[in-house]
Amino acid sequence: MSEAYFPVESGALGVEENFLSLDDILMSNEKLPVRMETAMPRLGAFFPELSGGAETDHAIPPGSKLEIPLWLAKGLFDTKRRILSVELPKIYQEGWRTVFSADANVVDLHKMGPHFYGFGSQLLHFDSPENADISQSLLQTFIGRFRRIMDSSQNAYNEDTSALVARLDEMERGLFQMGQKGLNNFQCWEKGQASQITASNLVQNYKKRKFTDLEG
């Protein structure tokens, strides 16, 4: 039976996300703190506590601080027009980067941000002076946590893994599941339960074309 939805690979580890990926859609809806550098007419209808009401065209005044979805922040951000400036979420600021560099494994990434790596990569879109430090922190955090994730996935056979994945971000959970799948496949092979190896469709089609050419 075919699945109703075939997962689409995320493209969020960069400045552009894949709009066909459910993971990227969820990630792009994460809130980002911003500061408005210019008045924004009509946008105040969504933030009534910041606007002056109908007499000001529901405008959000300059200097207002609010949280908006990542996709909206990317759409409004313009280095020339200075519509808004982005403030780094706490988990990407220097204080937390220091924690990650000390021991990344102690942090509950899912609690701090379920799309930690993808969202952090998207921050590079906003041309911050801390971009180099953010990207380095993301890389070192991943390296520091990767081995423990894969070790855990390879040493949990037929066990409840909910506690093992509870502190992982969504990308790490995907890696954990891949490790589990590899372990299960190996255990099946070791017990003689692996499925019969068959030629791939690519090889079979190649043979058919070759025979057809010979007959012609």
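## A guided tour, starting in helix 8

Start by selecting Glu170 and Arg173, which both sit in helix 8, 3 residues apart, or about one turn of the helix. What you have open is a predicted model, so treat this as a walk through a prediction. Show the two side chains and you'll see them meet in a salt bridge, with 3.9 Å from N to O. Glu170 counts as partly exposed because its relative accessibility is 30%.

Stay in helix 8 (residues 170-190) and pick Glu172, then add Arg145 from helix 6 (residues 131-154). Here is another salt bridge, this one at 2.7 Å, N to O. Glu172 and Arg145 are 27 residues apart, so to speak a link between distant parts of the chain. Are these two buried or exposed? Both Glu172 and Arg145 are buried.

Next, hop over to Arg35 and Glu37. Their side chains also form a salt bridge, 3.0 Å from N to O. Arg35 is partly exposed, at 31% relative accessible area, and Glu37 is partly exposed too, at 27%. How many salt bridges turn up in the whole structure? The search finds 6.

Time for some rings. Select Tyr92, Trp96, Phe100, Phe116, Tyr117, Phe119, Phe142 and Phe146: ring pairs join them into a cluster. The count of aromatic pairs comes to 9. Zoom in on Tyr92 and Phe119, whose ring centres are 6.2 Å apart with planes at 25°, so this pair is stacked. Tyr92 lies in the loop between strand 3 (84-86) and helix 3 (94-103), while Phe119 belongs to helix 5 (residues 116-122), so the pair ties together parts 27 residues apart in sequence. Tyr92 is buried, with a relative accessible area of 5%, and Phe119 is buried as well, at 6%.

Now find Ser64, in the loop between strand 1 (31-36) and strand 2 (65-69). Ser64 is buried, with 9% relative accessible area. What lies 2.8 Å from a polar atom of its side chain? Turn on the backbone and look for the oxygen of Pro61.

For the last stop, go to the surface and select Val8, Phe19 and Leu20. Together they make a nonpolar patch with about 320 Å² of accessible area. Val8 sits in the segment before helix 1 (22-28), and at 30% relative accessibility it counts as partly exposed.

Key
Residues numbered from 1 in each chain as written. Predicted model: local features only at pLDDT ≥ 70, side-chain atom pairs only at ≥ 80, totals over all residues. Heavy atoms only, no water. Patch = residues over 30% accessible without salt bridge, like charges linked within 9 Å, V, L, I, M, F, W, Y side chains within 5 Å. Areas by Shrake-Rupley, 256 points an atom, 1.4 Å probe, with all protein chains shown as cover. Salt bridge = Lys/Arg side-chain N within 4 Å of Asp/Glu carboxyl O. Helix = DSSP H or I, 4+ residues; strand = E, 2+ residues; numbered from the N terminus. Buried < 20%, exposed > 50% of the residue type's maximum accessible area, 1.4 Å probe, protein only. Polar contact = N/O pair within 3.5 Å; in protein donor to acceptor, adjacent residues only side chain to side chain. Phe/Tyr/Trp six-rings, centres within 6.5 Å; stacked < 30°, edge-to-face > 60°.
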